[in-house]
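Here are my notes on this model, set out as numbered points. Please read them with the structure open.

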Amino acid sequence: MRPDNLRGGLFVAALAAAALLASCASDAPTQAEIEAARLAAEIAARTPPPIALNQSVAEAAAVYVAFTRDMAALEGGFTDPAQIQDALRRGSAYDPGQISRGLVAYGSILALQSPEFVAGVRSVAVDRATRARLVADIVADPAYAATLPGADAAAGLVMSTLADDINALARAADSIENDAYAIQARYDPRRSWAISEVRDREGRLEAAKASSGRSMLPPAEEASRLFAAAHSGGGALAVSGGPRKPPYPPAVVNALALAALAALGSGGENARANTDALQFDRVSQGCLGMSKLNLFQCLAASRPNYEDMFCLGRHVVRDLATCSRGAAMPAPIVTVSDVTPTGPAPRAPEPIIITPIPVPAAPEPSTAPAPRPVPSITERLNAQPERSTPE
C-alpha cells in the first residue's frame, strides 16, 4: 500500500474510533436517568398486572347461564306430546360435571363485577414478591380469598344474582308440575292425549341417557360477553346485591378464589391448572348426578304423557334449582345461647327414689288390617291412570 493511502486509512480509522468513543460517552446514562429508571422499575413492581381470566372459565360460565335460563323459561301449558318431548330432550342434555363447573365459573365472573373486591385484592399485592405469596396462599387454601378486602361485597353480588336465577327455576318447576296435575282433570281439553301412553318410551329414555354424556358447547356470544365482563374491572354486568358476611358455601368460596387470582393477573391461559381445580364443587356435582339418576328412573316408570311432564318439572327444572341452591346459598344456622345462672349456688341434689311401676298386660292382638301408607306424589303420578275413554 502506498504511504499516502496508508496514512489516509489510518486517519479514517482514527476518526471512526473517535466517533465510537464519543457515541459511547454520550450514551452513558446520567445519574438522573439512573434514578428515573430505578423509580420506574419500583413502580412497575408495585403495580399489579392487568386482570387475567382464561377463556375456558368464561366458556364454562356461558354453558351454565345459557342452560339454566333456558330451563327457567319453560312453563306449563303444553299443547301436545311433541312439546313435552322437545323440552325433555333439551332438559336432559347436560353433563352434571359441566353444569357444576359452570356454576363456580359464573360466580367468579360475578365476583369480578365488584370494584371493591378487585381494588381490595390488588391493594394487598404491594410488590411482586407479595403478589406471588398471595397467589400461592389462595391456591393452597381457597378460603383465604374470602378474607381479602371487599370479599363481602363480591359474595353479595354472587349470592344475590344466583338466588334470582334459582328462584326463576323454582317458579318454572311450579308451573310445569302444577300443569301435570291440572291436565289429568276430566274437563281439561288436553286430557285426551295427556293420558295416552308416551310413544317410544324406551327410545326416549335411551336418548336421554346418551345426551347426558355429551359436553355442551358454549354459546359464542354469551362466552364473549362474560369474558369481556371479567376483564372490565367491575360493573359490566347489571347485577346488584348487598354485602354478605362469611361463612360462605364452598362454591362461593371457590368463586371468590378464582376471581382473586384473576384480579392478581394470575388466572390467564398459563394458569389453567389452578382455575380448573377451583371450578370443582363436590356438592352441586353430586346433587346433579343424583338428579340424573332420578330422572332416568322417572322416565323408565312413566307411561302417560302427563307423567313425562312431571319428570321434566321435578327432576330437571326443580332439581337444577335445588342443587344450585344447596351449593351456593348458605344453610340456616340455629344458635343457642349459653345458660347464665342468676340465683344462689345450687344445692347438692337430693336422692331420687324410683318406685317400680307395674308393667301393663300386653293388649290383645288386633284383627283389623294395618293402614296402608299414604303414597308419595311421585308414586301417585306414576300410578297407572284410568284407561277409560276420555270424556
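The points below go from the whole chain to single helices and charged side chains.

1. Basis. This is a predicted model, in which local features need pLDDT of at least 70, side-chain atom pairs count only at pLDDT 80 or more, and totals for chains, interfaces and linings use all residues. Residues are numbered from 1 along each chain as its sequence is written, and side-chain values use heavy atoms, with hydrogens and water left out.

2. Overall make-up. The chain has 16 helices and 0 strands. Both are DSSP runs, numbered from the N terminus: helices are H or I with at least four residues, strands E with at least two. Of the 391 residues, 41% count as buried. Buried means under 20% relative accessible area, exposed over 50%, and partly exposed in between (1.4 Å probe, protein chains only).

3. Surface and contacts. About 21600 Å² is exposed by the chain, and carbon and sulfur atoms supply 61% of it. Areas come from the Shrake-Rupley method with a 1.4 Å probe; for residues, only the protein chains shown count as cover. Take the contacts between residues at least 6 apart in sequence: 88% of them join residues at least 24 apart. Contact means heavy atoms within 4.5 Å.

4. Helix α11. This helix spans residues 220-230. Its buried residues are Glu222, Ala223, Leu226, Ala229 and Ala230. Seen down the axis, they fall within an arc of 130°, so they line one face of the helix. The arc is that of the directions from the helix axis to the C-beta atoms. Ala220 and Glu221 are exposed, on the face turned away from the buried side. The cover over the buried residues includes α3 (55-72) and α5 (96-111).

5. A salt bridge within α11. Glu222 pairs with Arg225, with the closest N and O atoms 2.5 Å apart. A salt bridge is a side-chain nitrogen of Lys or Arg within 4 Å of a carboxyl oxygen of Asp or Glu. The two residues are 3 apart in α11, about one turn of the helix. An α-helix has 3.6 residues a turn, so residues three or four places apart point the same way. Glu222 is buried at 18% relative accessible area, whereas Arg225 is partly exposed at 38%.

6. Other salt bridges. The count comes to 13. Arg190 and Asp188 meet at 3.0 Å, N to O. Arg190 counts as buried at 15% relative accessibility, and Asp188 counts as buried at 12%. Arg204 and Asp308 form another, with their closest N and O atoms 2.9 Å apart. That pair links distant parts of the chain: Arg204 is in α10 (residues 201-212), Asp308 is in α15, and they are 104 residues apart. Both Arg204 and Asp308 are buried.

7. Asp319 in α15. Which charged side chain is nearest to Asp319 with opposite charge? Arg314 is, at 6.0 Å; Asp319 is buried yet has no salt bridge. Lys and Arg count as positive, Asp and Glu as negative; His and the chain ends are not counted. The side chains of Asp319 and His315 do share a polar contact of 3.3 Å. A polar contact is a pair of N or O atoms within 3.5 Å; within protein, one must be able to donate a hydrogen and the other to accept it, and residues adjacent in sequence count only if both atoms are side-chain atoms.

8. Ala321 in α15. Ala321 sits in α15 (residues 305-328). Ala321 is buried, at 4% relative accessible area. Not counting residues up to four places away in sequence, Ala321 touches Ile166, Leu169 and Ala170. Ala172 is 149 residues from Ala321 in sequence and 9.8 Å away in space, C-alpha to C-alpha.
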